[in-house]
Amino acid sequence: MAWTVALLLSLTVAGWARAQRCLVLPFPNRSGDPSLDWLGESFVVGLRTAMAGSSVTVLSHDERARALELLGVPAGAELSLASQMRLAKAADARWLV
C-alpha cells in the first residue's frame, strides 16, 4: 500500500514538473536599426534550446502566436504589462519573461 501511495505521489510531482511552462517575450529593438530585429526573437529561441532538458518548457513562437490570436492582439503590437500577463495566462504559462 505504501509503495502505491509513493508511486502516485511521485507521478503527480513528475507531472506537475513537466507542466511548468514559461512564456518568454522577444525583446524590442530599441536601436532604430531594422537589421537587428532578429535579436529579440533569437533570445527566445536560445533560451528555449537551453531549457530543453529541464522541467521547464519555454513556449515556442507558434504557441505565443496562437495565444496572441486568441486574445485578438496583432503579432507586432507592443504589449503593456497587463497585456503581457493576459497573454501568459492565455498561453497557460506559469512564468513570464
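**A walk through the core and helix 3**

Hi everyone, let's start in the middle: the largest nonpolar core has nine residues, namely L23, L25, L59, A67, L68, L87, A88, A91 and A93. Two elements give two or more residues to this core, helix 3 (61–71) and helix 4 (81–90). Apart from it there is another core, this one of five residues, including C22, V24, V44 and V58. Please keep in mind that what you see on the screen is a predicted model.

Now, a step back to the overall layout. The protein chain has four helices and three strands. Read from the N terminus, the order is α-β-α-β-α-α-β. Of the 97 residues in the protein chain, 19% are buried. If we take the contacts with a separation of 6 or more, 55% are between residues 24 or more positions apart. As for the outside, the protein chain has an accessible surface of about 6,900 Å², and carbon and sulfur atoms account for 65% of that surface.

Back inside, let me pick one core residue. What does L25 touch, once we leave out residues up to four places away in sequence? The list is V44, R64, Q84, L87, L96 and V97. In that list, L87 belongs to the largest nonpolar core along with L25, while V44 is in the five-residue core.

R64 brings us to helix 3. Which residues of helix 3 are buried? They are R64, A67 and L68. These three cover an arc of only 100° around the axis, so they sit on the same side of helix 3. You may remember the general rule here: an α-helix has 3.6 residues a turn, so residues three or four places apart point the same way. The buried residues of helix 3 pack against strand 1, helix 2 and helix 4. Turn to the other side of helix 3, and you find D62, R66, E69 and L70 exposed. Just after helix 3 comes G72, with a positive phi near 75°.

One last stop, for those of you who like polar side chains. S35 is in the loop that runs between strand 1 (20–23) and helix 2 (38–50). Is S35 buried or exposed? Neither, quite: its relative accessibility is 49%, and exposed means over 50%, so S35 counts as partly exposed. Its side chain makes a polar contact with the side chain of D33, at 2.7 Å.

That's my tour. Thanks for listening, and I'm happy to go back to any of these spots on the screen.

Note on methods:
Residues are numbered from 1 along each chain as its sequence is written. This is a predicted model: local features need pLDDT of at least 70, side-chain atom pairs count only at pLDDT 80 or more; totals for chains, interfaces and linings use all residues. Side-chain values use heavy atoms; hydrogens and water are left out. A nonpolar core is a set of buried Ala, Val, Leu, Ile, Met, Phe, Trp, Tyr and Cys residues joined through side-chain atoms within 4.5 Å. Buried means under 20% relative accessible area, exposed over 50%, partly exposed in between (1.4 Å probe, protein chains only). Contact means heavy atoms within 4.5 Å. Accessible areas come from the Shrake-Rupley method with a 1.4 Å probe; for residues, only the protein chains shown count as cover. A polar contact is a pair of N or O atoms within 3.5 Å; within protein, one must be able to donate a hydrogen and the other to accept it, and residues adjacent in sequence count only if both atoms are side-chain atoms. The arc is that of the directions from the helix axis to the C-beta atoms.
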